[in-house]
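Trainee: Got a minute to go through this one with me? I'd like to start with a single residue and work outwards.
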Amino acid sequence: MYLMILGAPGSGKGTQGKLLAEHLGIPQVSSGELLRSAVSQRTPLGLEAKAYMDRGDLVPDRVIVGLIREILDSQADGRGILMDGFPRTVPQAEAVDRFLAERGEQVDLVLLLDVEEGELVKRLLARASKEGRSDDNPESIRQRLRVYHQQTAPLIEYYERQGVVKRVAGTGVVDQIQARVRDAVRGEALA
Ligand code: AP5
């Protein structure tokens with residue numbers, strides 16, 4: 001099963017993805033976490049990605065498509081994967097489809113976390129005061145939201161055309177949202 005969690009910055013992709021992946025017994029892979037780890041280890045990927053991430057821009061597709069290939073190749077044991085934070089552009093989604101099709105697989109379900117913008121900003125600023133992530137500042141948050149609407153939201157239509165999108169209300173208590181997420185997955189007979 002190939003699942004994807006889609007949503008704006010702060011919508012809870014990481015939080016909900018982790019709980020769902022544990023529940024389903026499949027690996028969760030976050031492109032943002034992989035990139036942050038590359039930045040902290042100062043690898044060539046991290047050195048190239050850092051400035052884009054700090055500004056709140058997407059790392060270019062020419063870099064990310066290679067990373068996506070590595071992720072999918074490393075999880076080729078047939079269990080599937082929960083994709084958190086990728087694909088993020090239509091070219092990335094086309095690459096995922098292509099790589100999965102090579103082994104007779106496809107994206108089974110895209111869970112779209114719906115959270116209104118005021119709540120997103122509140123969550124990210126709250127995290128800034130606790131964790132100090134370099135892109136959780138007002139200017140980068142504004143840019144991340146702009147980039148989401150311009151470059152990532154078109155994926156909703158892309159996957160709606162494949163008939164795999166389920167919308168989940170992403171506000172409330174984490175456990176309540178997780179229950180909605182699991183209901184959505186159960187509706188697909190995956191959980
Ligand atoms: P990424 O790490 O994916 O960041 P993001 O999309 O900005 O999302 P966040 O991690 O901020 O939020 P989330 O939706 O995961 O929510 P979370 O659960 O953490 O990407 C970072 C950067 O890397 C990008 O800007 C880009 O530069 C680059 N990048 C990554 N992937 C890329 C790709 N494929 N292509 C190109 N570039 C890429 O929750 C957020 C906060 O809210 C947490 O503090 C959490 O505790 C809290 N929270 C969660 N749920 C609730 C709740 N129900 N109530 C209250 N608080 C909550």
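Mentor: Sure. Start with Arg144. Leaving out residues up to four places away in sequence, Arg144 touches Pro9, Gly56, Leu124, Arg127, Arg133, Asp135 and Asp136. Keep in mind that this is a predicted model.

Trainee: Where does Arg144 sit?
Mentor: In helix α7.

Trainee: Is Arg144 buried or exposed?
Mentor: Buried. Its relative accessible area is 10%, and the cut-off for buried is under 20%.

Trainee: Which other residues of α7 are buried?
Mentor: Besides Arg144, the buried residues of α7 are Ser140, Ile141, Gln143, Leu145, Val147, Tyr148 and Thr152.

Trainee: Any general rule for reading a list like that?
Mentor: Yes. An α-helix has 3.6 residues a turn, so residues three or four places apart point the same way.

Trainee: What covers the buried residues of α7?
Mentor: Several elements. Among them are strands β1 (2-6) and β4 (109-114). Helices α3 (44-55), α6 (117-131) and α8 (154-161) also contribute.

Trainee: How does the span of α7 compare with what its 15 residues should give?
Mentor: It agrees. Helix α7 runs over residues 138-152, and at 1.5 Å a residue it should span 21 Å. Its end C-alpha atoms are 20 Å apart.

Trainee: Switching to the ligand. Which residues come nearest?
Mentor: There are 30 residues around the ligand, and Thr15, Ser31, Asp57, Arg88 and Arg127 come nearest. Arg127 is also one of the residues that Arg144 touches.

Trainee: What polar contacts do the side chains make with the ligand?
Mentor: Take Ser31. An N or O atom of its side chain is 2.7 Å from a ligand nitrogen. For Gln92, a side-chain N or O atom is 3.0 Å from a nitrogen of the ligand. Arg133 has a side-chain N or O atom 3.1 Å from a ligand oxygen.

Trainee: And how much of the ligand does the protein bury?
Mentor: Alone, the ligand exposes 1,000 Å², and the protein buries 87% of that.

Trainee: New topic. What about Ala93 in α5?
Mentor: Helix α5 covers residues 90-102, and Ala93 lies in it. Ala93 is buried, at 0% relative accessible area. Not counting residues up to four places away in sequence, it touches Pro87, Leu155, Tyr158 and Tyr159.

Trainee: How far is Ala93 from Ser140?
Mentor: Their C-alpha atoms are separated by 24 Å. Along the chain they are 47 residues apart.

Trainee: You mentioned Pro87. Where is that?
Mentor: In the loop between β3 (81-84) and α5. The peptide bond from Phe86 to Pro87 is cis, with omega near -5 degrees.

Trainee: And how many aromatic pairs does the structure hold?
Mentor: One. Tyr158 and Tyr159 form it, edge-to-face, at 5.0 Å centre to centre with 85 degrees between the planes.

Trainee: Are those two rings' residues buried or exposed?
Mentor: Tyr158 is buried, at 11% relative accessible area. Tyr159 is buried too, at 0%.

Trainee: Last one. Which residue has an odd phi?
Mentor: Look at Arg42. Its phi is near 55 degrees, a positive value in a residue other than glycine. Arg42 is in the loop between α2 (31-40) and α3.

Trainee: Is Arg42 buried or exposed?
Mentor: Exposed, because its relative accessible area is 61% and the cut-off for exposed is over 50%.

Terms used
Residues are numbered from 1 along each chain as its sequence is written. This is a predicted model: local features need pLDDT of at least 70, side-chain atom pairs count only at pLDDT 80 or more; totals for chains, interfaces and linings use all residues. Side-chain values use heavy atoms; hydrogens and water are left out. Rings of Phe, Tyr and Trp (its six-membered ring) pair if their centres lie within 6.5 Å; planes under 30 degrees apart count as stacked, over 60 as edge-to-face and the rest as tilted. Buried means under 20% relative accessible area, exposed over 50%, partly exposed in between (1.4 Å probe, protein chains only). Helices (H or I, at least four residues) and strands (E, at least two) are DSSP runs, numbered from the N terminus. The expected span of a helix is 1.5 Å times one less than its number of residues. Contact means heavy atoms within 4.5 Å. A residue is near a molecule or strand if one of its heavy atoms lies within 4 Å of it. A polar contact is a pair of N or O atoms within 3.5 Å; within protein, one must be able to donate a hydrogen and the other to accept it, and residues adjacent in sequence count only if both atoms are side-chain atoms. Accessible areas come from the Shrake-Rupley method with a 1.4 Å probe; for residues, only the protein chains shown count as cover.
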